[in-house]
Amino acid sequence: MNKAAVILAKGCEEGEALTIADIFRRCELTCDLIGLDTMTVTGDHGIEIACDGVLGEEFDYDMIILPGGYEGVDHMKESALLADTLKKMNQEGRWIAALCAAPSVLDECGLLEGKTYTCYPTVATKGGNRTEDTVVVDGNILTGKGPALAWAFAYKAADLLGADSLTVKKRMVYFNAFDVKEEA
């Protein structure tokens with residue numbers, strides 16, 4: 001199936017959310033923009049994003065992705081439905097990905113206990129083993145450190161769902177733009 005959902009809450013980091021969706025679609029993966037509670041979400045920088053759906057009880061995705069943005073993260077932390085969805089996906093071993101401030105949502109749900117993860121430097125978390133790495137995979141949890149790493153995070157997430165992102169990286173001049181060494 002290889003389907004991902006990017007959860008958008010009011011005040012989300014638009015650059016992170018749209019970069020992830022763009023990379024997934026370029027990698028020919030299904031990636032839906034799912035509003036936390038509305039079909040249109042206004043991000044942290046005033047950009048309105050039309051969503052493909054709204055989070056509901058039925059959630060049939062292989063990966064759930066939470067972009068950062070402090071206000072958006074606060075709204076996600078307040079959602080019992082999102083917390084239940086994350087916990088269920090974790091129990092089922094499905095992929096859970098969070099970037100920038102969003103790993104704190106996973107922390108609130110107890111999903112970082114015993115895990116190594118990364119997040120934005122000023123975000124307060126209490127569980128797991130926090131590292132300063134840029135992108136971290138531990139079990140079924142993927143975390144990324146900050147907004148400038150949305151590309152690396154998105155490519156890693158796409159690869160975890162079975163995509164071969166190398167062709168897309170080359171087409172998008174990824175290795176030249178970020179002075180990143182090419183690897184398979």
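Where along the chain is the place of glutamate 28?

1. In this predicted model, glutamate 28 sits in the loop that runs between helix H1 and strand S2, the latter spanning residues 30-35. Its backbone carries a positive phi of about 65 degrees, although the residue is not a glycine, and its relative accessibility of 74% means that glutamate 28 counts as exposed. A reader checking backbone torsions may wish to have this residue listed by name.

2. A second non-glycine residue with a positive phi is cysteine 100, for which the value is near 65 degrees. Cysteine 100 belongs to the loop between strand S7 (95-99) and helix H4 (103-108). Is cysteine 100 buried or exposed? At 7% relative accessibility, cysteine 100 counts as buried, because the limit for that class is under 20%. Glutamate 28, by contrast, is exposed.

3. The packing of H1 and H5 comes next. Two packed helices are described by the angle between their axes and the distance between the axes. For helix H1 (residues 14-26) and helix H5 (residues 150-160), the axes come within 9 Å and cross at roughly 40 degrees. That angle makes H1 oblique to H5, because only angles under 35 degrees would count as roughly parallel, and the perpendicular class starts at 65. The crossing of these two helices is right-handed.

4. Which residues of H1 meet H5? On the H1 side they are Glu16, Thr19, Ile20, Ile23 and Phe24, and on the H5 side they are Ala150, Trp151, Phe153, Ala154, Tyr155, Ala157 and Ala158. Sorted by class, the contact of H1 with H5 has ten nonpolar residues, one polar residue and one charged residue. Within H5, the residues Ala150, Phe153, Ala154, Tyr155, Ala157 and Ala158 are buried.

5. Threonine 19, which lies in helix H1, deserves a separate entry. Its relative accessible area is 12%, so threonine 19 is buried. When residues up to four places away in sequence are not counted, threonine 19 touches Ala150, Trp151 and Ala154, and these three also appear among the H5 residues that meet H1.

6. Beyond the end of H5 the chain passes through glycine 162, which comes just after the helix and takes a positive phi of about 100 degrees. Serine 165 follows in the loop between H5 and helix H6 (166-171), and with a relative accessible area of 1% serine 165 is buried. Leaving out residues up to four places away in sequence, serine 165 touches Cys27, Tyr155 and Asp159. Serine 165 and glutamate 28 are 137 residues apart in sequence, yet their C-alpha atoms are 9.8 Å apart in space.

7. How many aromatic pairs does a search of the whole structure find? The search finds four aromatic pairs. One of them joins phenylalanine 59 and tyrosine 61 in a tilted arrangement, with 4.8 Å from centre to centre and 50 degrees between the planes. Phenylalanine 59 counts as buried at 11% relative accessibility, and tyrosine 61 likewise counts as buried, at 10%. Another pair, tyrosine 174 with phenylalanine 175, is edge-to-face, with 5.6 Å centre to centre and 70 degrees between the planes. Both tyrosine 174 and phenylalanine 175 are buried, and together with Tyr155 they form one aromatic cluster. Tyr155 is also among the H5 residues that meet H1.

8. Alanine 101 is found in the loop between S7 and H4, the loop that also holds cysteine 100. Its relative accessible area of 2% makes alanine 101 buried. Not counting residues up to four places away in sequence, alanine 101 touches Gly68, Tyr70, Val73, Tyr120 and Val123. For one of these contacts, tyrosine 70, the separation from alanine 101 is 31 residues in sequence and 6.4 Å in space, C-alpha to C-alpha.

9. The last point concerns glycine 128, placed in the loop between strand S8 (116-117) and strand S9 (129-130). At 40% relative accessibility, glycine 128 counts as partly exposed. Outside the residues up to four places away in sequence, glycine 128 touches Leu112, Glu113, Gly114, Lys115 and Tyr117. The C-alpha atoms of glycine 128 and glycine 114 are separated by 4.8 Å, while the two residues are 14 residues apart along the chain.

Note on methods: Residues are numbered from 1 along each chain as its sequence is written. This is a predicted model: local features need pLDDT of at least 70, side-chain atom pairs count only at pLDDT 80 or more; totals for chains, interfaces and linings use all residues. Side-chain values use heavy atoms; hydrogens and water are left out. Axes are lines fitted to C-alpha atoms, for helices over the stretch in contact, and angles run from 0 to 180 degrees between N-to-C directions. Helices (H or I, at least four residues) and strands (E, at least two) are DSSP runs, numbered from the N terminus. Angles under 35 degrees count as roughly parallel, over 145 as roughly antiparallel, 65 to 115 as roughly perpendicular and the rest as oblique. A crossing is left-handed if the near helix is turned anticlockwise from the far one by less than a right angle, and right-handed if clockwise. Contact means heavy atoms within 4.5 Å. Ala, Val, Leu, Ile, Met, Phe, Trp, Tyr, Cys and Pro count as nonpolar, Asp, Glu, Lys and Arg as charged, and the others, Gly among them, as polar. Rings of Phe, Tyr and Trp (its six-membered ring) pair if their centres lie within 6.5 Å; planes under 30 degrees apart count as stacked, over 60 as edge-to-face and the rest as tilted. Buried means under 20% relative accessible area, exposed over 50%, partly exposed in between (1.4 Å probe, protein chains only).
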